[in-house]
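Reader: I am new to this structure and would like to understand the reasoning behind the words used for it. Could you take me through them step by step?

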Amino acid sequence: MATWFTFIIAINITFFTQVLGSGVFELDLHHFQNNRGLLANGVACSPTCMTFFRVCLKNYQTVVSPGDCYFGSFETSVLGVNTFSVMEDGLFTKPIRLPLTHFAWPGSFSLIIEAWHSPSADPIEDTNTSPLLISYFAIQRKLDVGEEWTLDVQSVGQTELRYSYRFICNDKYYGDSCSKICAPRDDRFGHYTCSTNGQISCLLGWKGKYCEEPICLDGCSKRNGNCSRPGECVCREGWQGTFCNECKRHPFCKHGTCQQPWQCTCQEGWGGLLCDQDLNYCTHHKPCRNGATCMNTGQGSYTCTCRPGFTGDSCEREVKECDSQPCQNGGQCLDLENGYRCACPRGFEGAQCEHRTLTCADSPCFHGKCKEKDNGQSYTCECPAGFTGLNCEKKVDKCTSLPCTNGGRCVIHGSTRWCNCLSGFKGLQCQINIDECAANPCANGATCLDRINDYSCVCPVGYTGRKCDKSTDGCASKPCQNGGTCTEGVKGQPAACTCPVQFSGPRCQHDVPLLAPSPSPVREPHDKLHWAAVCLGVGLVVLLVLVSMVAFILRHVQRQRKSDSKTMNNLSAFQKENLISHLQPKNTNKKVDLDLEVVYPKETSQNHKKYVNYHLDCKISKEYKDGSSGGENYEYTIEEKMPSSRKYKPECRISTICSPRDSMYQSVFVIAEEKNECVIATEV
């Protein structure tokens, strides 16, 4: 409810401050000069000008004119005569204040200051028609709200006025027009002061738009705590602690904890609904003492495993080893934490003072001379050369004074001794590692790393091998095929092949099919497979067409041969008698042109065809004879066309076999003279 009330008040204040403002226009009159004591009409005052002022403040006008003083007006008492400095008196207080209570300051103004003469001590009441005006000053200015004064000087005729002015906001008003109100408060509606620009500034410990929310203790749980004043942390029911982050257990919970309010989660060794049943006597009661180990045996009982030196059910008693008087020969027993120690008297030694201390009287030295110490209570043996030890009982090993390092073996030969070093070491005691890199075994600028009886080479780029003497030139093996150009890679990169146009692949091993270039500069693997399938299909189609053509030609030839054989077998006896004998002359010049004239009856000419002997270069022509021949036989003539100089008897005859009209076959034969030439029969 309080929050809503605060909100309503804030809305109202905001609304009214947008319309109304509260500020004061202050005018400070400094000095007025009227040396000649004249009025505005030039008439001298009598006896002097008793001067008072009237001030009118109004809205900004380009040309200031008399009229209503919208922002305020003021009239002073008589302040002086003729020329004077304006001073305060009982009736007048500086500066002149013109408050604006119904307007927001617009940032500009018009000001009229009139100086009047009063014949008496009191100002005149009616100045509209009075001739007592001394001066009339009118200005228009822009003025920002602020504490600084603006000085101005105005001169009219024989008079001059010096003054200053400013506009300031009233208390609790702020802004450029004094229309923003801010009233500090510290009550239930807010806790704030006002900044220089009228903004709300919360008091320490408060926050919110109107500083009505307290800031709780730093670290206070927002979920489990709250506060009504700054710095508090009031816990909600079920929570406790400084920051309200600790839950409250069940009121009757004995040995338990909680994660949420009113829980009772039992600690280790406790059980039951309220964690009041002891399950671990050792944990809760710690009965074993002196660092002993406790073991639960059930039913609230336990067993203690004591550390050395302690005994008892709870290991509460310390074991006294000296009670058994272990020290002999008058030794004093000293009880320790884990045992005892015997302080032996003079002349005895040992853990229990059981050994008598030897002296030179006991001849303890095996070799050398015995020398007494501590007033005869102890001794020392001075060993001769070649012996050592407390009693000179050890023979000196010559190798002892010459220790061989790095696995070297000491060798004694007579009076000489030396170290037999392992491979890779040298020196008197084998202390020097032989530098195998001294001989510069690595080639081609490689870095040598010395090792024990060994070395290794760090090869530069382009070389390999134990001594970096082998080039890693990838082009040496000529990996590029089909005329490709090999380029050695840089900085250890592998060699690359530049392939001719018709080849591709890392080693130019693939043929590039001569196909129209694809619009895309990169062929995807499925595009290559597509073109390969197309080429394979076209090839198979062409192959099938060729095989079909060959089969057709072979079949046609075979049928032609069968037809010729049948024709010869069907010849009649009359046809066989008209065959040309092989004894007649034959034309052996195959370049001679022959004309064959064949005369057909008109009614049967369409049933016969003209054939050319492919073994002779002949010209064959046909003419029709008279239809009066009357027979159904045909007449054929052959005229050899050749020069007279080359005439000879014909060696070739063309014979025809005339058949009846109803016969299906008409045959022409060329009969060769030689037996080895074949007979050609042509069906017509």
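**Disulfides and exposure**

Author: In this predicted model, Cys 383 and Cys 392 form a disulfide, with their sulfur atoms 1.9 Å apart.

Reader: What makes the link of Cys 383 and Cys 392 a disulfide?

Author: The sulfur atoms of Cys 383 and Cys 392 are 1.9 Å apart, and a pair of cysteine sulfur atoms within 2.5 Å is counted as a disulfide, so the pair qualifies. The link of Cys 383 and Cys 392 is left-handed, with -95° about the S-S bond.

Reader: Why is Cys 392 called buried?

Author: Cys 392 has a relative accessibility of 0%, and buried means under 20%, so Cys 392 counts as buried.

Reader: Why is Cys 383 called partly exposed?

Author: The relative accessible area of Cys 383 is 31%, and partly exposed covers what lies between under 20% and over 50%, therefore Cys 383 is partly exposed.

Reader: How do you know that a disulfide joins Cys 266 to Cys 275?

Author: The S to S distance of Cys 266 and Cys 275 is 2.0 Å, and the limit is within 2.5 Å, so this pair is a disulfide. Cys 266 is partly exposed at 28%, whereas Cys 275 is buried at 0%.

Reader: Why is Val 545 called partly exposed?

Author: Val 545, which is found in helix H3 (residues 525-569), has a relative accessible area of 43%; exposed would require over 50% and buried under 20%, so Val 545 is partly exposed.

Technical notes: Residues numbered from 1 in each chain as written. Predicted model: local features only at pLDDT ≥ 70, side-chain atom pairs only at ≥ 80, totals over all residues. Heavy atoms only, no water. Helix = DSSP H or I, 4+ residues; strand = E, 2+ residues; numbered from the N terminus. Buried < 20%, exposed > 50% of the residue type's maximum accessible area, 1.4 Å probe, protein only.
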